[in-house]
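I opened a fresh notebook page for a structure I had not seen before. I wanted to know how its parts fit together.

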Amino acid sequence: MRLVTAPLLSAMLLVGWLLLVGSVSAGHIVLAAVLAIAIPLWSERLRPERQRLGAWGAAVRLAGVVLYDIVASAFVVAGQILGPEERIRPGFVWIPLSIREPYGLASLASIITMTPGTLSVDLSEDRQHLLVHALHVDDPADLIESIKRRYEQPLMAIFEGDQR
């Protein structure tokens with residue numbers, strides 16, 4: 001069994017403790033070291049399994065797409081809010097999901113929520129559908145297709161190795 005199971009966490013605990021107490025005396029260094037080793041050992045069973053990312057190229061492309069969508073959506077939402085109220089058609093849409101990996105699901109929900117004008121609201125019990133609220137929904141099928149193509153497919157390549 002390794003004594004230091006999470007080196008980064010241990011280093012952060014050691015430095016954090018010393019900063020918290022504001023002293024680098026021998027006693028505090030020893031106590032910080034004990035805590036830095038004991039806490040990760042004790043909490044190891046609580047940490048989820050480490051996720052390995054597959055397609056780094058897909059991750060970089062997805063980051064660019066998400067950044068572009070956030071900026072572009074901010075302008076679209078501003079125009080909708082400042083324009084006539086009757087032109088806004090909010091709605092809820094259930095997105096059928098192909099992605100099954102928990103980190104991928106969490107990433108998808110986060111991306112949707114970060115993008116202005118959309119919000120991930122709920123995940124079905126069977127994790128087959130994600131409920132999304134959009135500020136403006138002309139065609140639910142278009143919203144579904146866009147989310148699946150722009151976000152879900154790259155996330156599947158990143159987390160599940162699906163190269164679609």
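My entries follow, from the sheet to the core and then to one helix.

**Entry 1: the kind of model.** I noted first that this is a predicted model.

**Entry 2: the sheet.** I asked in what order the strands of the sheet are arranged. I found three strands in an open sheet, ordered E1-E3-E2, with antiparallel pairing. E1 and E2 (118-123) are at the edges. Each has a single partner strand, so one side of each lacks a neighbour in the sheet. I also looked up the turn between neighbouring strands, which averages 30° with direction ignored. As background, I wrote down that strands of a sheet pair through backbone hydrogen bonds.

**Entry 3: the pair E2 and E3.** I counted five bridges here, in the antiparallel sense. I then went through partners. Leu-123 stands opposite Leu-130 in E3. Asp-122 faces Leu-131 in E3. Ser-120 has Val-132 of E3 as its bridge partner. The hairpin of E2 and E3 has five residues between the strands. Among the hairpin's residues I noted Arg-127, which takes a positive phi near 60°.

**Entry 4: the pair E1 and E3.** I found six bridges joining these antiparallel strands. Phe-92 stands opposite His-133 in E3.

**Entry 5: Val-121.** I picked this residue of strand E2 for a closer look. Is Val-121 buried or exposed? Neither word fits: its relative accessible area is 42%, so I logged Val-121 as partly exposed. Buried would need under 20%, and exposed over 50%. Leaving out residues up to four places away in sequence, Val-121 touches Phe-92, Leu-131 and His-133. His-133 is 12 residues from Val-121 in sequence. In space, their C-alpha atoms are 6.7 Å apart.

**Entry 6: helices on the sheet.** I checked which helices pack on the sheet. H4 does, touching E2 and E3. The direction of H4 makes about 145° with that of E2. H5 packs on the sheet too, touching E1 and E3. Its direction makes about 50° with that of E1.

**Entry 7: the core.** The largest nonpolar core has 25 residues. Which of them touch the most other members? I listed Leu-62, Ile-95, Leu-108, Leu-130, Ile-147, Tyr-151 and Leu-155. At least two residues of this core come from each of H3 (56-82), E1 (91-96), H4 (102-114), E3 (129-134) and H5 (140-159). H5 gives the most, with nine residues. I followed Leu-130 further. Its contacts include Val-93, Ile-95, Leu-108, Ile-112 and Leu-123, with residues up to four places away in sequence not counted.

**Entry 8: helix H2.** I compared the length of H2 with what its residue count predicts. At 1.5 Å a residue, the 18 residues of H2 (residues 26-43) should span 26 Å. The end C-alpha atoms are 26 Å apart, which agrees. Which residues of H2 are buried? They are Ala-32, Ala-36, Pro-40 and Ser-43. These four cover an arc of only 85° around the axis, so they are on the same side of H2. On the other side, Ala-26, Val-30 and Trp-42 are exposed. My last check was what the buried residues of H2 pack against, and I found helix H1 (7-21).

Methods: Residues are numbered from 1 along each chain as its sequence is written. This is a predicted model: local features need pLDDT of at least 70, side-chain atom pairs count only at pLDDT 80 or more; totals for chains, interfaces and linings use all residues. Side-chain values use heavy atoms; hydrogens and water are left out. A nonpolar core is a set of buried Ala, Val, Leu, Ile, Met, Phe, Trp, Tyr and Cys residues joined through side-chain atoms within 4.5 Å. Buried means under 20% relative accessible area, exposed over 50%, partly exposed in between (1.4 Å probe, protein chains only). Contact means heavy atoms within 4.5 Å. The expected span of a helix is 1.5 Å times one less than its number of residues. The arc is that of the directions from the helix axis to the C-beta atoms. Two strands pair if DSSP finds at least two bridges between them. Axes are lines fitted to C-alpha atoms, for helices over the stretch in contact, and angles run from 0 to 180 degrees between N-to-C directions.
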